[in-house]
Amino acid sequence: MSVVVAVLLALAAAYVVEQYYRLEVCNFESIDGESHGYYVYPNATADSVIALMQEDYKIASMSVWKRHQKRLHFKSPKAGYYKFPARIGDKHLIRRLQFGQQSPCRLTFNSYIRTREQLAGRLGQVLLLDSLDVLLRLESDEYMAKYGMNKENSRCLFIPNTYEVYWTISVDDLFNRMYAEYNNFWTETRRHKADSLHLTPIEVATLASIVESETRNKAELDTIASLYLNRLRKGMALQACPTVIYATGNLKLKRVLKRHLAIDSPYNTYKYKGLPPGPIRCPNGSTIDAVLNAPKTNYLYMCANPDWSGRHIFSNRYSIHAAAARQYQRVLNEKAIR
C-alpha cells in the first residue's frame, strides 16, 4: 500500500511541477531560439494569436495552455505589438496580452518623404493609425498652431530618424511625441546658431530641404547651404530648381524648362524671392546642421558638373556659371533628358 501511495504522491508532485513550470517558466519555446514579435489587431482572439505563434514556437502542452487560459480568464488580447522571448510561460504570455503590455516598435522615416500625403501614408503604414487622420492634422493650420507651425511647414515637426513608439499610439499622442523630439533636437545651441543666421528653426529646416534636394553628395551640403545663405543675405532670388519641381507637382520631373519657371507658386523661387512657405521634403537632421554650420564663402551660383559626377561647379561670377550651365545643357540634350 505504501508503494502505491508513494507512486501516487510522485505522480501528483510531477503534475504540480509541470503545471508550475508551464505556467511560470516555459510552455512556449521558439524553434530557432530567437525572440519573435507579432502585431495583434483589434478584435483578434486568443486562438488567432496562438495560431500566429505556432509558426515560430513549439508548444510543449496545448492541454496545459488551455487549462491555464481558462483559469486566468483569458479570452481576447488587447491590440498591440508584442515581442516575446525565446522561452515564455503561460502566465507571462497571458498577462501581457490581457493588459496590453506591448513592446515598442521602430518608427523610421527618411528625407525621401516629400509631401504631407507621403508622410501621412508612411505613418499609417507603420502604425495602427488612419493615414487620413494624420493628414487632416498636417493640413490644419489650427491644429498645427499649438506646435508653432501651419499646414505648409507641418512636416518640419517630423525630423527623419528612428523612434521607438507603441504601435497603437494615438494620432494626437504621436504628434505630441514628435514635438518633444523636435524640441530635443532644437537645443539652445542650435537655436542660437539659427538666430545668428537671422532664421527661425522652421526657416532653417525649409532651407535644409532645398539643400538636400540639390545633391546626393553629402560632402557638398554645407557649401550649397553657404551659397543659398549668401543669396538670402543679398536679397537675391534663390532660383533653386528643386523648388520649381515641387511647384509643378511632378516630383519625378528630371529637367526644369523655361515653361516651368513661369509657374505661379510661392514654391517657385525663380519667381518669388526668399524662402518658400514650407519645406519641399522632410530634411535630415544632419542637413539642418549643415545649414547651421555652413562655412563662409562668396559663392552665389552653382551648376551640376557636366562630367556627370554628381558634383557641382560653384562660382561667384555669373559668366563662369553661364558657361558651365551651357555645357550641362548640352549633356542633357545628348542624353535626351527632357
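**Figure 1. Charges of the chain in the predicted model**. In this predicted model, the chain carries 45 positive and 31 negative charges, and the mean positions of these two sets are 5 Å apart. Turning from charge to surface, the chain exposes about 17900 Å², and carbon and sulfur atoms supply 52% of that area.

**Figure 2. Helices, strands and overall dimensions of the chain**. The chain is built with 15 helices and 9 strands, and its C-alpha trace spans about 110 × 45 × 35 Å when followed along the principal axes. The radius of gyration of the chain is 29 Å, whereas a compact globule of 338 residues would have a value near 20 Å.

**Figure 3. Burial and contacts within the chain**. Of the 338 residues in the chain, 46% are buried. When the contacts between residues at least 6 apart in sequence are considered, 65% of them join residues that lie at least 24 apart.

**Figure 4. Arg 216 in the loop between α10 and α11**. This view is centred on Arg 216, which is found in the loop that follows α10 (201-214) and precedes α11 (221-234). Is the residue at this place in the loop, Arg 216, buried or exposed? Arg 216 has a relative accessibility of 81%, and because exposed means over 50%, Arg 216 counts as exposed. A second residue, Tyr 81, gives a sense of distance within the model: Arg 216 and Tyr 81 are 135 residues apart along the chain, and their C-alpha atoms are separated by 35 Å.

Methods
Residues numbered from 1 in each chain as written. Predicted model: local features only at pLDDT ≥ 70, side-chain atom pairs only at ≥ 80, totals over all residues. Heavy atoms only, no water. Helix = DSSP H or I, 4+ residues; strand = E, 2+ residues; numbered from the N terminus. Rg over C-alpha atoms; globule rule 2.2 N^0.38 Å. Buried < 20%, exposed > 50% of the residue type's maximum accessible area, 1.4 Å probe, protein only. Contact = heavy atoms within 4.5 Å. Areas by Shrake-Rupley, 256 points an atom, 1.4 Å probe, with all protein chains shown as cover. Lys, Arg positive; Asp, Glu negative; His and termini not counted. Charge placed at Lys NZ, Arg CZ, Asp CG, Glu CD.
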